[in-house]
Amino acid sequence: MTAAGPSTAPPAEVLREAGRRRTFAVISHPDAGKSTVTEALALHARVISQAGAVHGKAGRRGVVSDWMELEKARGISITSAALQFAYRDAVVNLLDTPGHADFSEDTYRVLAAVDSAVMLLDAAKGLEPQTLKLFDVCRHRGIPVITFVNKWDRPGRDALELCDELVERIGLQPMPLTWPVGEAGDFRGVLDRRDGHFTRYSRTAGGATAAGEDRLPPARAEAEEGARWTRAVEESELMSASGGDFDRERFLAASATPVLFGSAVLNFGVRHLLDLLVELAPRPEPRRDVEARPRALDAPFSAFVFKVQTGMDPSHRDQVAFARVCSGVFERGMVVTNATTGRPFATKYAQQVFGQHRSTVDTAYPGDVIGLVNATALRVGDTLHTGRPAVRFPGLPSFAPAHFAVARPADLSRAKQFRRGIDQLESEGVVQVLRSLRRGEGSPVFAAVGPMQFEVAAYRLDTEFKSPVRLERLPYTVARRLPDPDHRAVVDSRGSEVLTRADGTHLALFTDSTALAVLRRLHPEVTLEPLVAGGE
Ligand code: G4P
């Protein structure tokens with residue numbers, strides 16, 4: 001397929017295919033079980049025949065290579081950006097997010113490309129710092145969240161207490177679809193709150209294959225599980241009394257969250273999760289452009305870049321831009337326009353990418369993710385489209401950075417490579433790059449959500465651009481947007497500093513919230529805005 005013009009797919013086909021897509025990300029505090037859940041989901045969708053979770057992280061690498069073999073054999077596409085599989089009538093796109101909190105800025109960008117999110121809670125830990133932050137981001141973006149309470153096979157907290165925590169700490173109404181039978185550590189199965197039946201789980205050897213499930217009517221459940229069943233029924237009734245019955249509108253409005261209980265390592269509860277995604281999670285909707293006009297799903301092709309990755313193939317430095325399709329059909333070979341520059345971009349090398357392994361994508365629909373290879377001209381936030389008039393989607397918001405460091409070339413004879421490297425890192429969003437006249441072009445300031453971003457930036461400047469960097473940490477921890485640059489002098493004079501990002505945003509940096517409060521008190525006329533909710 002090497003058509004060079006806009007797609008000719010009939011609108012009905014685009015709408016039908018878009019309607020089958022479920023594009024979501026699994027997000028959690030590190031260690032809650034994201035990798036394990038991802039495998040378990042793929043297992044239930046029969047992408048792989050055996051999950052490797054129980055064999056530990058080393059074993060999982062084995063699973064990944066199984067996936068790659070399968071990908072070749074069956075044409076299943078798996079990328080480090082998105083895992084795509086069919087389940088029932090749906091096409092599921094599971095977008096990858098980095099596990100470490102220091103890279104939450106990447107997670108934030110991925111959340112701009114999904115239609116819903118699955119939030120994992122560890123049954124013993126409940127809401128953890130990263131969970132709170134991610135919930136906040138989802139609320140700010142209006143992303144519907146499904147909550148999966150994981151690790152119910154291990155002793156943990158009380159189910160009612162976990163639900164209370166959701167209401168009290170994040171103001172999100174829990175609407176459990178299932179309720180655990182047996183307390184955490186004694187997981188028998190779940191009460192399906194929609195029809196009152198008992199789904200009883202049985203362990204398979206080490207949880208290596210999909211869990212055994214029996215469905216029992218309530219009377220049999222009571223006869224077999226006794227007090228455990230009665231307690232589950234009572235607790236479920238308590239949830240109903242406190243507004244915890246499922247209401248899809250509230251879920252889609254992101255004001256309430258369906259809750260499921262399970263154990264990813266034993267593959268318990270994972271089928272319920274997939275069914276919920278397919279039956280109730282939102283499908284792609286028309287995306288709003290910069291002027292807030294919705295772009296119809298069957299309009300000509302459009303997509304936006306949410307992630308750029310370089311050096312995936314060490315034999316030659318290449319750059320892959322991952323884009324989410326918003327409208328129309330993507331057909332490999334199309335020539336699309338980059339709305340930011342107005343330049344054409346030929347998509348001859350559209351691929352699904354997983355580590356070293358790549359497979360070609362020929363067609364993609366709204367909700368899908370495409371990896372565009374050799375995309376050196378594309379930046380995070382760029383819109384691609386075919387047809388006229390041009391369309392531009394809003395840029396991706398960034399997290400408020402909390403770590404800052406001045407970057408200087410360690411070897412002055414490599415200053416040119418240094419500048420080129422910094423432009424590259426900036427275009428990929430590895431770190432934010434701030435500049436000011438006072439500091440000059442040669443010593444920009446790196447701004448990061450987590451300090452590990454600095455390590456990645458320094459490593460890449462050294463290895464890819466042969467221009468080692470000297471990083472000198474600055475004492476700031478708080479950043480605010482300064483809408484009126486005329487107030488720059490006031491802020492600069494208070495022991496804080498104003499720097500400017502390439503997109504023109506002025507950032508005022510403070511050592512801590514006290515320094516910010518002092519400035520506010522002394523200069524109430526200076527407006528300072530949070531950078532983005534959830535990034536505070
Ligand atoms: P992450 O990607 O969110 O960081 O979590 P990951 O899946 O790596 O899981 C973190 C740890 O929690 C792993 O144990 C994993 O086996 C365990 N785990 C995940 N889901 C469940 C569950 O449902 N029940 C129980 N009991 N454990 C679960 P680990 O000791 O770090 O590594 P491993 O050697 O066990 O893989």
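The buried residues of helix α1 are covered by elements that include strand β1 (21-28) in this predicted model. Helix α1 spans residues 11-20, and its buried positions are V14, E17, A18 and G19. In an α-helix, residues three or four places apart point the same way, because there are 3.6 residues a turn.

Confidence in the prediction varies along the chain. The average pLDDT of the protein chain is 84, and 85% of the residues score at least 70. Two stretches with a pLDDT below 50 are residues 1-5 and residues 48-79. Beyond near neighbours in sequence, the stretch 1-5 has 12 contacts in the model, while the stretch 48-79 has 63. Where pLDDT is low, the predicted coordinates should not be read in detail.

The interior was next examined for nonpolar cores. Nonpolar side chains tend to be buried together in soluble globular proteins. The largest nonpolar core comprises 59 residues, of which L95, L111, F135, W152, W179 and F306 touch the most other members. Helix α6, residues 159-170, gives the most to this core, contributing 6 residues. A second core, separate from the largest, holds 32 residues, F24, V37, F251 and L260 among them. The surroundings of F306 were followed in detail. With neighbours within four places in sequence set aside, F306 is in contact with L95, R109, V110, A113, F322, A323, R324, V369, V380 and L396. F322, one of these partners, also has a charged group over its ring: the charged end of K307 sits there, 5.8 Å from the ring centre.

Helix α6 also carries E165. This glutamate has a relative accessibility of 10% and therefore counts as buried, the cut-off being 20%. When residues up to four places away in sequence are not counted, E165 touches G126, L127, R157 and I170.

Aromatic pairing was then considered. A pair of aromatic rings is described by the distance of the centres and the angle of the planes. The model contains 10 aromatic pairs. In one of them, F187 and Y201, the ring centres lie 5.6 Å apart and the planes stand at 75°, so the arrangement is edge-to-face. F187 belongs to the loop between β7 (178-181) and β8 (189-192), whereas Y201 belongs to strand β9 (residues 198-202); the pair therefore ties together parts that are 14 residues apart in sequence. F187 and Y201 are both buried.

The rings of F304 and F393 are likewise edge-to-face, because their planes are at 65°, with the centres 6.4 Å apart. This pair links distant parts of the chain, 89 residues apart: F304 lies in strand β14 (residues 302-310), and F393 in the loop between β23 (383-385) and β24 (403-409). Both F304 and F393 are buried. Ring pairs also join W152, W179 and F261 into a cluster. Of this cluster, W152 and W179 are among the residues that touch the most other members of the largest nonpolar core.

The cysteines were examined last. The count of disulfides in the model is 0. C138 has a relative accessibility of 0% and so counts as buried. C326, at 3% relative accessibility, counts as buried as well, because its value is under 20%.

Terms used: Residues are numbered from 1 along each chain as its sequence is written. This is a predicted model: local features need pLDDT of at least 70, side-chain atom pairs count only at pLDDT 80 or more; totals for chains, interfaces and linings use all residues. Side-chain values use heavy atoms; hydrogens and water are left out. A nonpolar core is a set of buried Ala, Val, Leu, Ile, Met, Phe, Trp, Tyr and Cys residues joined through side-chain atoms within 4.5 Å. Buried means under 20% relative accessible area, exposed over 50%, partly exposed in between (1.4 Å probe, protein chains only). Helices (H or I, at least four residues) and strands (E, at least two) are DSSP runs, numbered from the N terminus. Contact means heavy atoms within 4.5 Å. pLDDT is the predictor's confidence in each residue, from 0 to 100. Rings of Phe, Tyr and Trp (its six-membered ring) pair if their centres lie within 6.5 Å; planes under 30 degrees apart count as stacked, over 60 as edge-to-face and the rest as tilted. A charge sits over a ring if NZ of Lys or CZ of Arg is within 6 Å of the ring centre and within 35 degrees of the ring normal. A disulfide is a pair of cysteine sulfur atoms within 2.5 Å.
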